[in-house]
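Please open the structure in your viewer and keep the sequence panel beside it, so that you can select residues by number as you read. The tour moves from one selection to the next and says what to look for at each stop.

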Amino acid sequence: MRQVLVPLDIHPSPPPGASTLFEASGSTMGTSWSVRLMLPPNVRSKLGEQMQAELDGIVAEMSHWLPESTLGRYNRAPAGSWHALPPRFAEVLDYALGVFDASGGAYDPFAGELVNLWGFGPERRYDQAGFYAPAPAAVQQVLDRRARLQPVFDRATARLQQPGGALLDLSSVAKGYAVDRLAFCLEQHGVRHYVAEIGGELRGAGMQPDGQPWWVALEGVPGVGSIETVAALHGLAVATSGDYRRYFEHGLRAHGVRRMSHTLDPRSGYPIANDVASATVLHPSCMAADALSTTITVLGADAGLAFAEERGLAARLLLRRVHGLEEITTSAYRAMLQ
């Protein structure tokens, strides 16, 4: 069985005459990026180099792996210091804090210390020798510190205060934003027909050479059968959050082993344990799809579906059940089914 998703609003304007198929790719954020586009005849700039430069600039600002990134310097800054943020950084942080408020803290860009504690940050990695799961007391200490730390973001001046020890982590939103910036870079050069991808997150517009939209397969759960679904990325982006990306197993097999996913619930301090294997969101903005898919994963089936419905999001959740995967979707998602 195969499902097909098509956006409700399609403008079937073909690429300009004499357009040629152009492809570019490279590396960023620990993964790969690629773009396929219909290049108008009057565009002959070095698009690939310009897109790589755009991505390198985002990494230099928002990477939590690079100590000298803007984010890395903020995380090490002394208490009471204020930091002027570059425009891209400020845009991403502003959006992330909005999702934090809307989700009641299920999404938290300042959960960096929690990410590090569970071995999913740049140090003391879960997949390295000597790692062990944190004790409950250590988790509680991090939660207590986070409750006391209230970084102040002055939107008017794009400045962020470091209260002392706050650790910012934008890894669940920056990749989606980078996809949007690839799209922006293309559109600045008059390109209207393209699909851009970074590490499985995509955004598309316009048509392929044969007049078809850019078709992509929605990400499933490795090793578990599910309905094959393809979507037409015509003015849409798609992102998926899954518990299978990075995880470790914890506990004794005699007493039950638990999958400890890199998706953490900032409210409890622990990896999610709500049977959500993956959450996929389709949205005009890849930044939004990225952050919202993570949020829905953390909220779980009932609260996550309600959160998505309230905001008119096209979302699909795959839940782990004894018999396999159960698929639940929002009304906006079902409206796209053909």
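A salt bridge, as the term is used here, is a side-chain nitrogen of Lys or Arg within 4 Å of a carboxyl oxygen of Asp or Glu. With that in mind, select Glu54, Glu61, Arg88 and Arg181, which are linked in a network of salt bridges. In the whole structure there are 14 salt bridges, and several more of them are stops further on.

Before you go on, note that this is a predicted model, in which local features need pLDDT of at least 70 and side-chain atom pairs count only at pLDDT 80 or more, while totals for chains, interfaces and linings use all residues. Residues are numbered from 1 along each chain as its sequence is written, and side-chain values use heavy atoms, with hydrogens and water left out.

**The whole chain**

Show the protein as a cartoon, and you will find nine helices and 18 strands; these are DSSP runs numbered from the N terminus, with helices (H or I) of at least four residues and strands (E) of at least two. The radius of gyration, taken over C-alpha atoms, is 21 Å, close to the 20 Å that the globule rule (2.2 Å times the number of residues to the power 0.38) gives for 338 residues, so the protein is as compact as a globular protein of that length. Turn the model along its principal axes, and the C-alpha trace spans about 65 × 50 × 40 Å. Of the 338 residues, 53% are buried, where buried means under 20% relative accessible area, exposed means over 50%, and partly exposed lies in between (1.4 Å probe, protein chains only).

**Isoleucine 10**

Next, select isoleucine 10, which sits in the loop between β1 (2–5) and β2 (20–28). Is isoleucine 10 buried or exposed? With a relative accessible area of 34%, isoleucine 10 is partly exposed. Now add glycine 235 to the selection: the two residues are 225 places apart along the chain, yet their C-alpha atoms are separated by 8.1 Å. Apart from its neighbours within four places in sequence, isoleucine 10 is in contact (heavy atoms within 4.5 Å) with Met207 and His234.

**A three-stranded sheet and a salt bridge beside it**

Select β4, β6 and β5, which form an open, antiparallel sheet in the order β4-β6-β5; two strands pair if DSSP finds at least two bridges between them. The edge strands are β4 (81–84) and β5 (153–154), each of which pairs on one side only. Between β5 and β6 (residues 159–162) there are two bridges, and phenylalanine 153 has leucine 160 as its bridge partner in β6.

From here, select arginine 155 and aspartate 94, whose side chains meet in a salt bridge (2.4 Å, N to O). Aspartate 94 lies in helix α3 and arginine 155 in the loop between β5 and β6, so the pair ties together parts that are 61 residues apart in sequence. Both are partly exposed, aspartate 94 with a relative accessible area of 32% and arginine 155 at 46%.

**Helix α8 and its surroundings**

Move on to helix α8 (residues 301–310), and colour Ala301, Gly304, Phe307 and Ala308, which are buried. Why do these residues lie on the same side of α8? They cover an arc of only 135 degrees around the axis, taken from the directions from the helix axis to the C-beta atoms, which puts them on the same side. On the other side of α8, Asp302 and Glu310 are exposed. The buried residues pack against several elements, including α3 (87–102), α7 (286–299) and β16 (276–283). Just after α8, look at glycine 312, which takes a positive phi of about 65 degrees.

**The hairpin**

Finally, select β17 (residues 314–321) and β18 (residues 324–329), which pair in the antiparallel sense over six bridges and form a hairpin with two residues between them. Across this pairing, arginine 316 stands opposite threonine 329 in β18. The last selection is arginine 321 with aspartate 275, whose side chains meet in a salt bridge (3.5 Å, N to O). Arginine 321 lies in β17 and aspartate 275 in the loop between β15 (270–271) and β16, so this pair ties together parts that are 46 residues apart in sequence.
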